[in-house]
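Got a minute to look at a protein together? Have a look at the picture, and then we'll ask how each label is earned.

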Amino acid sequence: RETQAWFAYFEPYPRARHNQLIERASALPGVELLATGRSVEGRDIPLLRAGDGGAGKRKLWIIAQQHPGEHMAEWFMEGIIERLERHEDPVLNKLLASADLYLVPNMNPDGAFRGHLRTNFAGRDLNRAWQSADEADSPEVVFVQQQMRAVGVDLFLDIHGDEEIPHVFAAGCEGNPGYSSRLD
């Protein structure tokens, strides 16, 4: 009989926990499951909006786990959802009075499911696909780009992690729809 041992590069963020996070967030007042995309293998990619979508509000986008091995990025998104659960948060309430948050907690569910460090099921590094995304090998990026074009983008944060850095960080957004000198 063969014994197996599994080792994680970072503390995993299980898909069951992801599904519970989306359910928790969707049940919050002022948070809505706005749209759902599909990965190469057909897994859901939920897009949440925190805010009312009112006219004139800023559109702040936060995506996580384009690199599926960077699980700490989705842990970060869980922290955002937990903060949204605090209804008496004056700082967050002030932000939501003038801006809506568009949240994609896991951009790469296939890669996360399969244990990939940087790529989706098709072998594409989604972080490098924004200039040439297509339905065949990067439908995850195509979905988010379509939603960004429909809604607009005033700020974009692409949350990443690294084994040598004790915190998450945001990658640049130069390749996203609507990028301009104002966003720069």
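Here are some questions and answers about this predicted model.

Q: What makes the protein chain as compact as a globular protein of its length?
A: Start with the make-up: the chain has five helices and six strands. Its radius of gyration is 16 Å, close to the 16 Å that the globule rule gives for 184 residues, so the chain counts as compact as a globular protein of that length.

Q: Why is strand 4 called mostly covered?
A: A residue is buried when its relative accessible area is under 20%. In strand 4, residues 99–104, six of its six residues are buried, so by that cut-off the label fits.

Q: How do you know that both faces of strand 4 are covered?
A: Side chains in a regular strand alternate between the two faces of the sheet, so you check each face in turn. On one side sit Ala-99, Leu-101 and Leu-103, on the other Asp-100, Tyr-102 and Val-104, and all are buried.

Q: What makes strand 2 and strand 4 a pair?
A: Pairing takes at least two bridges. Strand 2 (residues 44–50) and strand 4 have three, in the antiparallel sense, so they qualify. Here Ala-50 stands opposite Leu-101.

Q: How do you know that strand 3 pairs with strand 4?
A: Use that cut-off of at least two bridges again. Six bridges join strand 3 (residues 58–64) to strand 4, and the two run parallel, so this is a pair too. Arg-58 stands opposite Ala-99 in strand 4.

Terms used
Residues are numbered from 1 along each chain as its sequence is written. This is a predicted model: local features need pLDDT of at least 70, side-chain atom pairs count only at pLDDT 80 or more; totals for chains, interfaces and linings use all residues. Side-chain values use heavy atoms; hydrogens and water are left out. Buried means under 20% relative accessible area, exposed over 50%, partly exposed in between (1.4 Å probe, protein chains only). Helices (H or I, at least four residues) and strands (E, at least two) are DSSP runs, numbered from the N terminus. The radius of gyration is taken over C-alpha atoms; the globule rule is 2.2 Å times the number of residues to the power 0.38.
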